[in-house]
Amino acid sequence: MKQVVQNYKSGELALLDVPVPGCKPGGVLVRSAYSLISTGTELMKVSEAGMSMLGKARSRPDQVAKVVQSVATNGVPATYRKVMGKLDSYTPLGYSLCGVVEQVGAGIDDVKVGDLVACAGNEHALHAELNWVPKNLYAPVPDGLAPRHAAFGTVGSIALQGVRQGESRLGEVALVIGLGLIGQLVVQLLAASGVRVVGVDPDPARCELAERLGAAACGDPASAAVEAAVAELTDGHGVDQVYLAAGGGSNQPVELAARLCRDRGRVVDIGKCRLDLPWNAYYEKELDVRFSRSYGPGRYDPEYELEGRDYPIGYVRWTERRNLACFLDLVARGRVDVEPLVSHIADFDDAVETYQSLKDGDLKAVAVLFRYPEQKEEAGEAEAPAVTVPAVRRSGGVSTPARAARTPVRLAFVGAGNYATSMLLPHLAQRDGVELSTVVTTTALSAANAQRKFGFAEATTDLDAVLGDKSIDAVFVLTRHSSHAELTRRALLAGKSVFVEKPLALTEDELAGVLAAVEESGNDRLQVGFNRRFAPLLQEARKRFGARTGPASLRYLVNAGRLAHGSWYLQQGTEGSRFAGEGGHFIDTASWLLDADPVSVYAVAASGNEDLQVVLRYPDESTATISYVTTGAPGFPKETLDLVADGRVLRLDDFVRAAVYDGHRKRWVSSRLPKARDKGQNAELAAFIKAVRTGGPMPVPLESLVATTAATLAVRAGLAGGAPVTLAGAR
């Protein structure tokens, strides 16, 4: 299928062939009929992409701050790869469309194949021939409403939410500053509510259009006509509400709002304009400044948008989806007229030229629609005091999948997110004797990006075809945590060697399912992405420390930091806790340094945050304490480790410096520049590829992977029970 994309690094716009998205549970696959170009938001994004790197940095200081923090935490090379990977990737455009349901996912019962729906979301209602849309981001189109009009649903919801934030009342007077697409819709919604509207825009044509659609008067912000109209309509008191629907870097809108608003009036920011509030003007009138967040309640909440958890109507009357349905109803009943806003309808095949015309100013428009071809294409298919460490049983079959000698190791990637594209694929793409065969994702564009950047022979959303391809030697599983165990199980049963990023499993049942696949198939060719034991600096430090004779004490401080709002790591209901997701890294490192698997786990959590203290006990009475904290200083190193035994100390500082102390002196010390931080991914991949190529043992014994996973899961049981958890059956 085709999709409109942009490379944020170069500014290139393209109509790209990408795989058809899979139809996941909890949503529907929609074939687009019309999609709407947001001439404000989208053109701003297109313009930013054409800036220099310095210009991009100036326009997004929030992202610059994240880059600086990433350098401090991960070093320059890793950060550079991550940033360049993001910049030099195709990103999607679009967020408002109407289309026909082509396939219905599990759990959906409110629409059926063939129904017309309006769709929302900058990840789900894209300028693409097919989109997967979760339940709370689509709404059925009322009978009789034209598809091109229903395509306005998302921008209409944005305008509607802004009006709701203004709490307009019958008979009031409102000022709308900015008469672009959103402003024109706000004018109509206010007029439909019995509010008299004055509009402001420097474009006479837009002012004229707003007056035709219900505004009492409109004019240039610098003209005396606007102030005169406000004075006449309000008896000189000023407007009750001001809606900022303008963009750009001028502070004129907020200054005009203060001048024309009445005492204790309301100012609602809908657009993205400069907001240097003149303190005296806003203070003296005690103006109420409000923000309108996109389509309404539910926006940016992954449990609402992705998992389909609705807010009870008794507590949240107007959600994203209810706003979408409300706006469609208003258009269907003729209370809002979107047809006069349509400046141009372009064929989808002409998308790139249309964007370029808008950017260059050759096409002046309030709203532009893409019309999609009518012909159809084939769519894609899509807690107990003791925790038992499952025993690893293998059938009598051959455990090493057969592969042709002296041929490249052929790899398939399931998932191509940030970690895969910044930390793994750059190493594999440069490795001799490796062929990147197929990349599989549920999001079409991420597969196409990975194929373009790393040279995969094929990009698809069809996992079954990959698992059935006998020429593929190994499958990398780099999806979200909740799918790791099931995908690993299926790949093992298909006879593939498997590299799965941590965690291997989120529950004891998932872990048992993986081991049942090993027993059934006889295929134990499994590696979990516990890369720290492969870090060159830590490997050398362990060698210098030498063998020990007595018990050891290990302390591991993980300064994990806070996650950004909206991170899918916060979706604990489906993706597990943060420690369940990444704690295996630190348990595996401790167990490797102590050369044993833990026999018990004790965990204590701090009140009110995710800070944990995890104490592991080993067969020889060695102990490891992992302090996993999210409330530390961002400038402090992420990982520091001390191993003490037999009068010696091994010290590791964030994979930048390491030292071994013996008696009264340092026996060995090694220091690297922060930019040279190496956490072992390249060495881990080399070991895995070698094992696949030669048929030799996997880099980490399966029993150790299982023990680490069981210990990670035991932390949850320990927190629930408040007592040490014995790992029954541990070696």
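Trainee: Okay, I've got the basic term: two strands pair if DSSP finds at least two bridges between them. Which residue in β11 stands opposite Val-200?

Mentor: That would be Gly-219. Keep in mind as you look around that this is a predicted model.

Trainee: Got it. How many bridges join β10 and β11, and in which sense do they pair?

Mentor: There are three bridges, and the pairing is parallel. Strand β10 covers residues 196-200.

Trainee: What is the strand order in the sheet they belong to?

Mentor: Reading across, you get β11-β10-β9-β12-β13-β14, an open sheet of six strands with parallel pairing. Its edge strands are β11 (217-219) and β14 (288-291), each of which has a pairing partner on one side only. From one strand to the next, the twist averages 20°.

Trainee: Nice. Which strands does helix α10 touch where it packs on the sheet?

Mentor: Helix α10, residues 252-260, touches β9 (173-177), β10, β12 (239-244) and β13 (261-269). The direction of α10 makes about 150° with that of β13.

Trainee: While we're at β13, where does Arg-264 sit?

Mentor: Arg-264 is right in strand β13. Its phi is near 60°, which is a positive value in a residue other than glycine.

Trainee: What about Glu-621, where is that one?

Mentor: Look in the loop between β26 (612-617) and β27 (623-629). Glu-621 isn't a glycine, yet its phi is positive, at about 75°.

Trainee: And the peptide bond from Lys-502 to Pro-503, is it cis or trans?

Mentor: It is cis, with omega near 0°. You can find Pro-503 in the loop between β22 (497-500) and α19 (508-521).

Trainee: New topic: strand β3. How many of its residues are buried?

Mentor: Eleven of eleven, across residues 27-37. Buried here means under 20% relative accessible area, so that is the cut-off those residues of β3 fall below.

Trainee: Which way does β7 run next to β3, parallel or antiparallel?

Mentor: Antiparallel, with five bridges joining β3 to β7, residues 130-134. Arg-31, for instance, has Leu-130 in β7 as its bridge partner.

Trainee: How many bridges does β3 make with β5?

Mentor: Seven, in the antiparallel sense, and β5 covers residues 96-104. To spot the pairing, find Ser-32, which stands opposite Gly-99 in β5. β3 also pairs with β16 (residues 367-371), antiparallel over four bridges. There, Ile-37 has Val-368 as its bridge partner in β16.

Trainee: Last topic: pockets. What is the volume of the second largest pocket?

Mentor: About 380 Å³. It is lined by 22 residues, and the closest to its centre are Gln-572, Gly-576, Ser-577, Ala-580 and Arg-716.

Trainee: Which helix gives the largest share of that lining?

Mentor: That's α24, with five residues. At least two residues of the lining come from each of α21 (572-575), α22 (578-594) and α24 (702-721).

Trainee: How many of the lining residues are nonpolar, polar and charged?

Mentor: Nine are nonpolar, eight are polar and five are charged. Try picking out Gln-572 and Arg-716 in the structure to find the pocket's centre, as both are among the lining residues closest to it.

How values were computed: Residues are numbered from 1 along each chain as its sequence is written. This is a predicted model: local features need pLDDT of at least 70, side-chain atom pairs count only at pLDDT 80 or more; totals for chains, interfaces and linings use all residues. Side-chain values use heavy atoms; hydrogens and water are left out. On a 1 Å grid over the protein atoms alone, a cavity is a set of points where a 1.4 Å probe fits but cannot get out, and a pocket is an open set with protein on both sides within 12 Å along at least five of seven lines; lining residues have an atom within 4 Å of a point. Grid points are joined across faces, edges and corners, and a volume is the space filled by probe spheres set on the points. Ala, Val, Leu, Ile, Met, Phe, Trp, Tyr, Cys and Pro count as nonpolar, Asp, Glu, Lys and Arg as charged, and the others, Gly among them, as polar. Axes are lines fitted to C-alpha atoms, for helices over the stretch in contact, and angles run from 0 to 180 degrees between N-to-C directions. Contact means heavy atoms within 4.5 Å. Buried means under 20% relative accessible area, exposed over 50%, partly exposed in between (1.4 Å probe, protein chains only).
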